[in-house]
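Visitor: Could you walk me through the ligand site and the pockets, and show how each label is earned?
Guide: Gladly, let us look together.
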Amino acid sequence: MIVNERIVAYINSLQVEIKPELLSLEKEALERHVPIIKKETQGLLKFLLCLQQPKRILEVGTAIGFSALFMSEYTGDDSKITTIEKVPMRIVDAEKNFSNEVFSHKDKITLIKGEALKALKDLASEEQHYDFIFLDAAKAQYMSFLPELMKMLSTNGILVTDNVLQDGTVTNSRYSITRRDRTIHTRMREYLYTITHMEELETVILPVGDGVAVSFRK
Ligand SMILES: C[S@@+](CC[C@H](N)C(=O)[O-])C[C@H]1O[C@@H](n2cnc3c(N)ncnc32)[C@H](O)[C@@H]1O
């Protein structure tokens, strides 16, 4: 946890509770150790969606579909959400959830099954555009996803990248972490430097959840 636990608990206690069907999916994910967006990240996403009112949303990293179903609650009836997942076990669960009648806005969601980089290249070559992109997949790949995402992020669009501070460990000494984490951290720092210094983007990095970068395309 990046921010003091008591402060986070207090902020979360002020949030209006999500619908019971989403709450039970969140509970199921947490019990099964499926990594989904934290409460505080939910609050930020909800706020940005209300502000931006996006029509076309792209998510990289579906897991079992929690965040896609969450976003479907806070976007207009004419919005569409495309989400990408590569792990077969997760795909099975996501498909089950996306066809569950309890989720009243599930029809907005389209699941693309497979490796994200390939899916992103395909979408970019079809000249698809998105006004809201939520990047929540393998952190080490963010740099390779970025050129494809930039082809598809509309002017005035928002790119939200989750987990950018690795729960605060991104600044740990390189000697105190494993070699795998060292590689992830190096790539994450490169990604963060890039999105904060790109002319096309205005980016803010927030210590929310595991760290969230919010980038606005000028
Ligand atoms: C943190 S979880 C996503 C959680 C989800 N956004 C939520 O909050 O409900 C990351 C997911 O991205 C998927 N993933 C990671 N790298 C990927 C890639 N290169 N292509 C497609 N999916 C990927 C993982 O299998 C995992 O299910």
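Visitor: What makes the approach of Ala116 to the ligand a polar contact?
Guide: A backbone N or O atom of Ala116 lies 2.8 Å from a nitrogen atom of the ligand. A polar contact is a pair of N or O atoms within 3.5 Å; within protein, one must be able to donate a hydrogen and the other to accept it, and residues adjacent in sequence count only if both atoms are side-chain atoms. The Ala116 pair, at 2.8 Å, therefore qualifies. A polar side-chain atom of Ser67 is likewise 2.8 Å from a ligand nitrogen, and a side-chain N or O atom of Asp136 is 2.9 Å from one. The protein covers 93% of the 600 Å² of accessible area that the ligand has on its own (Shrake-Rupley method, 1.4 Å probe; for residues, only the protein chains shown count as cover).

Visitor: How far can I trust such values?
Guide: This is a predicted model, where local features need pLDDT of at least 70 and side-chain atom pairs pLDDT 80 or more, while totals for chains, interfaces and linings use all residues. Numbering runs from 1 along each chain as its sequence is written, and side-chain values use heavy atoms, without hydrogens and water.

Visitor: Where does the ligand sit?
Guide: In the largest pocket, as more than half of its atoms lie within 2 Å of the pocket's grid points. A pocket is an open set of points on a 1 Å grid over the protein atoms alone, where a 1.4 Å probe fits, with protein on both sides within 12 Å along at least five of seven lines; lining residues have an atom within 4 Å of a point.

Visitor: What is the volume of the largest pocket, and which residues are closest to its centre?
Guide: About 510 Å³, counted as the space filled by probe spheres set on grid points joined across faces, edges and corners. Of its 29 lining residues, Pro35, Gly61, Asp136, Ala137 and Lys139 are closest to the centre.

Visitor: How much space lies in the second largest pocket, and what lines it?
Guide: About 170 Å³, with a lining that includes Met1, Gln15 and Pro207. The largest share of that lining, three residues, comes from α3.

Key. Helix = DSSP H or I, 4+ residues; strand = E, 2+ residues; numbered from the N terminus.
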